[in-house]
Each structure stands twice: as structure tokens, then as C-alpha cells.
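Work through the following exercises with the sequence and the 3D view side by side, and try each task before reading its solution.

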Amino acid sequence: MILPAGVLLWLLLLSRPQSSLQEGTQEIENSDEIPEQEFIFAPNRQKRAVVEHSRSQTDKCSYTFIVPEQKSTGAICVNSKEPEELLENRVNKQELELLNTELQKQRRQIEALQQLIQVDGGVVNEVKLLRKESRNMNSRVTQLYMQLLHEIIRKRDNALEASQLETRVLNHTNQMGTLGLRYSDLEHKYRRLSALANNQSALLLHLEKHCQRGGHSYGVVQERIRPVYPQPPVMPQPPVQMPELSPGGYRPYDPQKYTRHTINRMNNDIQNDQNSKAVPPPLPTMPSSAHSFTSEPVGPFKDCLEAVEGGYTNSGMFLLKPDKTNRLMQVWCDQTRDPGGWTVIQRRTDGSVNFFRNWETYKQGFGNIDGEHWLGLENIYWLTNQATYKLLVTLEDWSGRKTYAEYASFRIESEADFYRLRVGRYQGNAGDSLTWHNGKQFTTLDKDNDAYTGNCAHYQKGGWWYKACAHSNMNGVWYRGGHYRSRYQDGVYWAEFRGGAYSLKKVTMMIRPNANTVH
């Protein structure tokens, strides 16, 4: 078996010495396992094959060997006797190929990283631009905010200046009213003096004629009338000095200084009205036909209910002196409304009194007792804190419809708490437009105590217990005809009755003691 295998190996090496080792033959992987005698015997067999081949060439004979193909199932034999340089070259080539492959991979990774860096660089630039724009926007917003603050401060300054101008206008109007009253008094006195002088001239003429008829000479007549003629005209007797007005224009009652002749000269003004549209009040304000009273204020009483219990059942002016105070005040007592004893604290009927006043005026009161007036916050405070009082609000529109709203309790706090409003349970047919103001402080043009960012008194044109701003505005502008056009809702309105854009014709607020009060 060994000899044919050696011959076959030799023939294959002769024809394809390198490829035959890879394709046709399979040997044991370790060359040490091949018997040494095969390698020794191989040259002899080679020589013999050469001799035989030469013989075959001379004899022109040919041999054909058919070797079956065998599948390699084991290790492929490699010639271990290959030179070391070739092995090293192969190893170096493989390493170079591996290195080239790694380099290509790294190049691709580097290119990918460069692309990412380019993208990231664009993002970074965009972020920088956005940050720069953000800083610019922040600076712009800061500038706009500062401009807004300056504008707000400027508007507040303008509003303050406007309020100061309005206060000055009111003060000048007060002074003009006072001067008008003084002028009226002087004109009245001048007329009386003129009438007296005319009477004395007529008397002198009458005496001269009488003396001439009696036969007396002119000198005798002149001598007889000497005590009268040269004397200056007799001045009227000055009126008894009236007591000074208390704060708010109220004259305290002093029985020792008032006589039967001087009582008729008492004025019923709380404080002279300064409305430019209103005419100066007459010297004695005559009662209207709807009320029967005398011009002499009766009292003092604790309230109008005490006056009724004292037998005074007619409506009119009364002097009141609440408990725990020496304050005297003139009020209008309405005894016609059942059951009587109502003290009027506010009334609007014809728009003759301007209710757009400052804090001090609302504190002391203003208007005419038998007409439009505001009794004064200080007076209302002393009245409502001496007992439990209920409030009645009467309303009338321009079509003659009348409604009312009654509150079981009504009082206000002191000036230290800005006359905060306290009202109780509501009943009536006008709708409840005052409970929304419960617990609020009083606000005027020059003293802002409301919950609104601005001054509600400036927009509502009056003084009231504003919140933000009003469901009722009893001290607003009196507009004729009901519906009015104004930039703000500044009319005399009760929101639950005809709404805020309708100015009522007549409104009245009056109080009366209520023993059975449910708060």
C-alpha cells in the first residue's frame, strides 16, 4: 500500500507541485508521524519512475491513472518545511490587512464623528444665537417694564393732580357761595335802609305841611324837628348773635339765646351747597305742601322715635342729641311713613345739591335739611351706635314706580375704621344692592379705601362704601330722565332696580330703632 501512494504523490508533484498538495492529497498534519523510510525510499522510486518514463517515451507508451476524488475530512497537510521568510511575509500581509481593515473602520468612525461635530457645532452656534437673542429680549422686556412703571407713576401723578384741582375747584366754589350769601345779606340790608330813609323823608314832608297849616314859621318847625332831622337814619336792630356752627354746619340748640322774634331767622342748611347749577337758597326755607311743620326746630331728642313718643307726629326739622355725646344735630324726621320715627340720613329729589365732595365734607354733612342733603358720617355714627337701628331705602324711577329695600340692622364704625358699613338681613321689593357693600370702608375723592386698583369715587362721582366698585351708588350724579350716557356708571342707581345705567328720580335713606333685630 505504501508504494503506490508514493508513486502517486510523485506524479502529482511533477505535474502541479503546489496545487496538488492543496487539492488532490491529504496527509497527516504532523510530519513526524510519516515513517522516515518513506522519505528515504521516495528517491529510489522517483528514479525508477524516471527510468520507466524514459522507457515509455522510447516505447511510446502512455499510462493513465484514475484516482477517485476524496473529500477532505481531516486536517490538510502543510509542508512544514516551507521557508520561514515566506511564513513571516504571510503573517505580515495578514497583519497589514487587519491593520488596513481597522484603519478603514477608524476612518469611517472619524468621518462619522466629524459629521457629528459639524452638526453639534451648528447646534452650539444656534444655542449661542438663541442665548444672545434671549439676553436681548430680556433687556427689551426690562426696558418695557420700566416704561410701564413710569407710565403708571405718571398716570397716578396726573390723577393726584386732577383730584387736587377738583378739590381746589370745590373750595373755590364754596368760597363763591359764601360770597354770594354775603352779597345777598348786604343787598337785603341796603333795601331796608333805603326803605327807612324814604319813610323818614315822607315823615319830614308831612311834618312841614302840618306846621304850615298850623301857622308856625319854618324856623319853629325846623327847631321842633331838629332832634329827628339831623340824626342819621335809624339802623335796624342787629339780630341776636347766633351760635357758631358746629363742624358740618350744624347750629347747636341754645334755649336761652333764642326768642320768639329770632327763632324765625334760623337757617335749615346743614352746609351751604356749592353746586354751580343750584340757586342760592332763600333765607327761610319754607316747607313743601307734602310736609307740615313749623320752622322752629324742636328738641333735643335722642332720635325721631323719641320725638314721636313725645307727641310730635308731624314731619319736620328736629334737634337730636344722641347718647354718649354732646353733639347736637338738625335732622329731618319723617313721621308720615308708618309707624313713624324715621330719621332721614340721605335724600335726593331734584339734583340741586352736588354730592361729589371730599372726605371732610362727607364727614360733617352738607345740603338742605328739608331738601337734598347728606346727614354726615360722624352724625350717622353717633346715631346708629346708641341702639340697634334698621335701614329703609325708598326708590322712585321716572315713571313713578316706587320700591323699597329694608335691612334689619344698620350701623357704621368710627372714623378710625373709615366708617365701615355693617348691614343685616334684607327684605323688600327693590332687590338687594347693599349687602355686596357690607363690611367695606367709606371712600371719597381724596381718601381711597376701596378694593379697586383705582379710586372708585373718581369714576362713580360720589362718596360711598365702594368695593370694586358698586352695586348701588346713591350719592352719584343726578341725571334727568333716567337713562343717561356717561363714560362710567356714575348716576344715582340701585343695580337690582332698573340697573346701573338708569339714574333714579328720588331716593331716600332713613333709619329707625329696631328692638327685634335678627342679624
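**Exercise 1. A salt bridge inside one helix**

Task: Find the partner with which Glu187 forms a salt bridge, and decide how the two residues are placed in their helix.

Solution: Because this is a predicted model, every step below concerns a computed structure. Begin with the distance: Glu187 forms a salt bridge with Arg191, and their closest N and O atoms are 2.8 Å apart. Next, locate both residues, which lie in helix H4 (residues 84-213), four residues apart, or about one turn of the helix. This spacing can be read with a general rule: an α-helix has 3.6 residues a turn, so residues three or four places apart point the same way. Finally, compare the accessibilities with the limits, where buried means under 20%, exposed means over 50%, and partly exposed lies in between. Glu187 has 30% relative accessibility and therefore counts as partly exposed, while Arg191, with 55%, is exposed.

**Exercise 2. A salt bridge between distant parts**

Task: Determine which parts of the chain are tied together by the salt bridge of Lys363 and Glu415.

Solution: The side chains of Lys363 and Glu415 meet at 2.9 Å, taken from N to O. Lys363 lies in helix H7 (residues 359-364), whereas Glu415 lies in the loop between strand E10 (410-412) and strand E11 (421-423), so the pair ties together parts that are 52 residues apart in sequence. Turning to the surroundings, Lys363 counts as buried because its relative accessibility is 15%, and Glu415 is partly exposed at 30%. To complete the picture, a search of the whole structure finds nine salt bridges.

**Exercise 3. The nonpolar core and helix H8**

Task: Identify the residues with the most contacts inside the largest nonpolar core, and then state whether helix H8 is mostly buried or exposed.

Solution: The largest nonpolar core has 54 residues, and those with the most contacts inside it are Trp374, Leu391, Leu395, Phe410, Ile412, Trp465 and Trp494. Take Ile412 as an example: once its neighbours within four places in sequence are set aside, its contacts include Leu377, Ile380, Tyr381, Thr384 and Trp465. Now turn to helix H8 (residues 377-384), in which seven of the eight residues are buried, so this helix is largely enclosed by the rest of the structure. Among the buried residues of H8 are Leu377, Ile380, Tyr381 and Thr384, each of which is also in contact with Ile412.

**Exercise 4. The disulfides**

Task: Work out how many disulfides there are, which cysteines they join and which parts of the chain they link.

Solution: The count comes to two disulfides. One disulfide joins Cys304 to Cys333, with an S to S distance of 1.8 Å. This pair links distant parts of the chain, since Cys304 is in helix H6 (residues 304-309) and Cys333 is in strand E4 (residues 329-334), 29 residues apart. The other disulfide joins Cys456 to Cys469, at 2.0 Å from S to S. The torsion about the S-S bond of Cys456 and Cys469 is about -85°, so this disulfide is left-handed. Cys456 lies in helix H9 (residues 456-460) and Cys469 in the loop between H9 and strand E13 (472-473), so the pair ties together parts that are 13 residues apart in sequence. As a last step, check burial: Cys304 and Cys333 are both buried, and Cys456 at 0% and Cys469 at 14% also count as buried.

Notes
Residues are numbered from 1 along each chain as its sequence is written. This is a predicted model: local features need pLDDT of at least 70, side-chain atom pairs count only at pLDDT 80 or more; totals for chains, interfaces and linings use all residues. Side-chain values use heavy atoms; hydrogens and water are left out. A nonpolar core is a set of buried Ala, Val, Leu, Ile, Met, Phe, Trp, Tyr and Cys residues joined through side-chain atoms within 4.5 Å. Buried means under 20% relative accessible area, exposed over 50%, partly exposed in between (1.4 Å probe, protein chains only). Contact means heavy atoms within 4.5 Å. A salt bridge is a side-chain nitrogen of Lys or Arg within 4 Å of a carboxyl oxygen of Asp or Glu. A disulfide is a pair of cysteine sulfur atoms within 2.5 Å.
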